[in-house]
Amino acid sequence: MIQLVPRQSASSFWQIATPLMAVLATMVAGGLLFAALGHDPLAAIRTIFWDPLFGPAASYSRPQLLVKAAPLILIASGLAIGFRAGIWNIGAEGQYIIGGITGAAVALAAYPAEGMWIFPAMVVAGAAGGWAWGMIPALLRNWFGASEILVSLMLVYVAQRVAAWMAFGPMKNPEGFGFPGSRNLQQYPAAANPELIAGTGAHWGVVAAAVAVLATWFLMSRHIRGFHIRAAGTAPRAARFAGVRPQALVAFCLGLSGALAGMAGLFEVAGPAGQITDKLGVGYGFTAIIVAFLGRLHPVGILLAGLLLALTYIGGELAQLTMQLPAASVQVFQGMLLFFLLGFDLLTRFQIRRRVTA
Amino acid sequence: MMIDPLSVFLLLVAAATPILFAALGELVVERAGVLNLGVEGMMITGALAGFAAAYASGNPFLGFLVAALGGAAISLLFAALTQVFLANQVASGLALTLFGLGLAAMFGKPFEGVKAPPMPAGPLGINWIVWLGLVMVPLVWWFLNRSRAGLILRGVGENHEAAHALGYNVRLTRLAAIAFGGAMAGLGGAFISIATVLQWTEGMTAGAGWIALAIVVFSKWTAAGVLAGAWLFGGVTVLQLRLQAAGVAVPVQLLSMAPYLATIIVLVLISARQKFSRRAGGAAPGSLGTNFHALR
């Protein structure tokens, strides 16, 4: 018989090894799934994980990597901080949508003015919108004890309807021939979030994501607040004696992750998406949860995990085009990845020993 | 416009049915001390599995049976992660929801655009599955409060260390509860696809699983409370649809927020009452959301 013995502290070897094992296991299980659907499993795996970077059409798909990874990394950086403290913001998708709307609102109000101030003001407005949307579950938890998990999630559905209302109502393009959707911000230079270096896909959101990785690393490992967050997550009672105020922590974590998600939404609306539509939310807020876990809630891990999941998006689109794989197979892939990761995680927290019979 | 109170009530009861099933299932799961956030994923799995089986066989009741089996089957993934691999329940539940939504979207493609077989009306012209949902309320109450197995289940949920010390199998109890929750969520999802919308569309459960989770909190972990919560939700949904049909000068998108906003308000009210009321009781099961690992 085998026996699980809890470790005193998480094994650092398995901390790094388990995400890699999870990726491999996902490839194997995904391959089996594709084989069951009647596709060549090796070709499918190659199309998803290899071709976007090195395949024949790589020059088109490679820049997409940063475009897709930036929002994931930006959102996941914020979420990971809350997850460390046991504060579960799972409504980043809603904060992303609201940030996109408030940011775009600045541009649409300023249109057709020109000026260097417009884009920075949009970024601030996007962050503020996401922050405010994140503060709703924070305050409801602090004041009334309502579960931030359920409130933040419910607000995703509310935000989706706000986006639809905006696209069909207040923000509809007056010169759009009656079609839903706002003005295209890519055609409004003062508000656009263009590619900064041609051929890389890098827009201001990529810069923000890089800054977020560095800033959250500093916060978590060098700043007293980061210590409080880690303390609250591992030993809540001890944290209180160390002077941590739980309510302030809830507001900080939900507010920060909301602001980062809101910024991600704004960069998307002003850049790759271009306009407010009812399909503003494309699931980055949910995938970022997987990114945060796969990255072990560590900034560097999140950077790598964000790039990997961005790859699955691009590879998934490619596989849809070339192999007629269903679009949702990417979602299945991402879900499987999280399953395997959570399962293998046993190895970081427990030692497996053979039971000694007395 | 004449409004017949009885017909409005019947609409309300029908609108509440998916949530009622899912929330009753989750109630049993949470009373066993497990927080399964995968309700949405299990509902959508049931919605697709049930619809596919009903469409292929032409028999809607077979569809519901398959939906229950499908919901239970996918819930076992969550059970394996949390009970065998001792993974975090919040993260595992989220994983189940994301995976279920993806899986259903993937396998649902061939079923888009076809219609569900018609359901024969049950007694008093009310759908059989609506009746089943109503019957489940006293059954779940009886099981939790009057049966021996229910007592063990509650013991496991309140204090798993003590239940283990008394010789009860914590993991097996929780495994059974999770599978029951999955089957109920599957039935709830299938009611949406087979009996309400009559077709399959991607993401058609639209947050019903999350609302069910909120209703369990609202119910203060009682079966009667779940019924009240589900009917309250059904009332808001029917009211919202009536207002849309009546052409009220509020955009449709804003009206359709009503169920979600109502859920938040209800959650806040009930949490506030639990936080500020002097009387104890109505609290969550003692071991809710924590994993059990027997060291001896």
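**Notebook: cavities, pockets and the A–B interface**

I began with the largest cavity, whose walls are formed by B:Ile211, B:Ala214, B:Ile215, B:Phe218, B:Gly229, B:Leu232, B:Phe233, B:Val236, B:Ala262, B:Thr263 and B:Val266. I note for the record that I am working on a predicted model. Three helices of chain B each give two or more residues to this lining: H9 (208–218), H10 (223–245) and H12 (258–276). Sorted by class, I get nine nonpolar residues, two polar ones and no charged ones. The space inside comes to about 90 Å³.

**Other cavity**

How many cavities of 30 Å³ or more does the rule count? I find two. The second largest has a volume of about 50 Å³. I looked up its lining and found residues of chain A: A:Ser77, A:Ala80, A:Ile81, A:Thr216, A:Met220, A:Leu297, A:His298, A:Pro299 and A:Ile302. Helices H4 (58–84), H8 (204–222) and H13 (299–323) of chain A supply at least two residues each, and H4(A) has the largest share with three. The lining divides into six nonpolar and three polar residues, with no charged ones.

**Largest pocket**

Next I turned to the open spaces. The largest pocket holds about 1,500 Å³. I count 46 lining residues, and those nearest the centre are A:Gly281, A:Val282, A:Gly283, A:Gln331 and B:Glu202. From chain A, helix H5 (92–110), H7, H12, H13 and H14 each bring at least two residues to the lining, as does helix H4 (89–108) from chain B. Which helix gives the largest share of this lining? My answer is H7(A), with eight residues. By class I have 24 nonpolar, 13 polar and nine charged residues here.

**Second largest pocket**

This one contains about 1,200 Å³ of space. It is lined by 36 residues, with A:Thr234, A:Leu297, A:Asp345, A:Arg349 and B:Asn88 closest to the centre. I had already met A:Leu297 in the lining of the second largest cavity. The elements giving two or more residues to the pocket lining are H4, helix H9 (224–234), H12, H14 and H15 of chain A, plus H4 of chain B. The class split is 17 nonpolar, 13 polar and six charged.

**Where the chains meet**

Last, I looked at the interface. I find 46 residues of chain A in contact with 47 of chain B. Together the two chains bury about 3,900 Å², and 82% of that is on carbon and sulfur atoms. On the chain A side, A:Leu150, A:Met154 and A:Phe339 supply 18% of the area that the chain buries against chain B, more than any other three residues.

I then checked for salt bridges across the interface of chain A and chain B, and the rule finds zero. Polar contacts are there, though: I get four residue pairs between the chains, with both residues at pLDDT 80 or more.

Which elements of chain A give two or more residues to the side that touches chain B? I list strand S1 (2–6) and helices H1 (12–36), H6 (118–144), H7 (148–168), H12 (284–294), H14 (329–344) and H15 (346–349). H7(A) has the largest share, with 13 residues. By class, this side of chain A has 36 nonpolar, eight polar and two charged residues.

A cross-reference to close the page: H7(A) gives the largest share of the chain A side that touches chain B, and H7(A) also gives the largest share of the lining of the largest pocket.

How values were computed:
Residues are numbered from 1 along each chain as its sequence is written. Chains are lettered from A and ligands numbered from 1 in the order in which they are written. This is a predicted model: local features need pLDDT of at least 70, side-chain atom pairs count only at pLDDT 80 or more; totals for chains, interfaces and linings use all residues. Side-chain values use heavy atoms; hydrogens and water are left out. Contact means heavy atoms within 4.5 Å. Buried area is the accessible area (1.4 Å probe) that two parts lose on being put together, summed over both. A salt bridge is a side-chain nitrogen of Lys or Arg within 4 Å of a carboxyl oxygen of Asp or Glu. A polar contact is a pair of N or O atoms within 3.5 Å; within protein, one must be able to donate a hydrogen and the other to accept it, and residues adjacent in sequence count only if both atoms are side-chain atoms. Helices (H or I, at least four residues) and strands (E, at least two) are DSSP runs, numbered from the N terminus. Ala, Val, Leu, Ile, Met, Phe, Trp, Tyr, Cys and Pro count as nonpolar, Asp, Glu, Lys and Arg as charged, and the others, Gly among them, as polar. On a 1 Å grid over the protein atoms alone, a cavity is a set of points where a 1.4 Å probe fits but cannot get out, and a pocket is an open set with protein on both sides within 12 Å along at least five of seven lines; lining residues have an atom within 4 Å of a point. Grid points are joined across faces, edges and corners, and a volume is the space filled by probe spheres set on the points.
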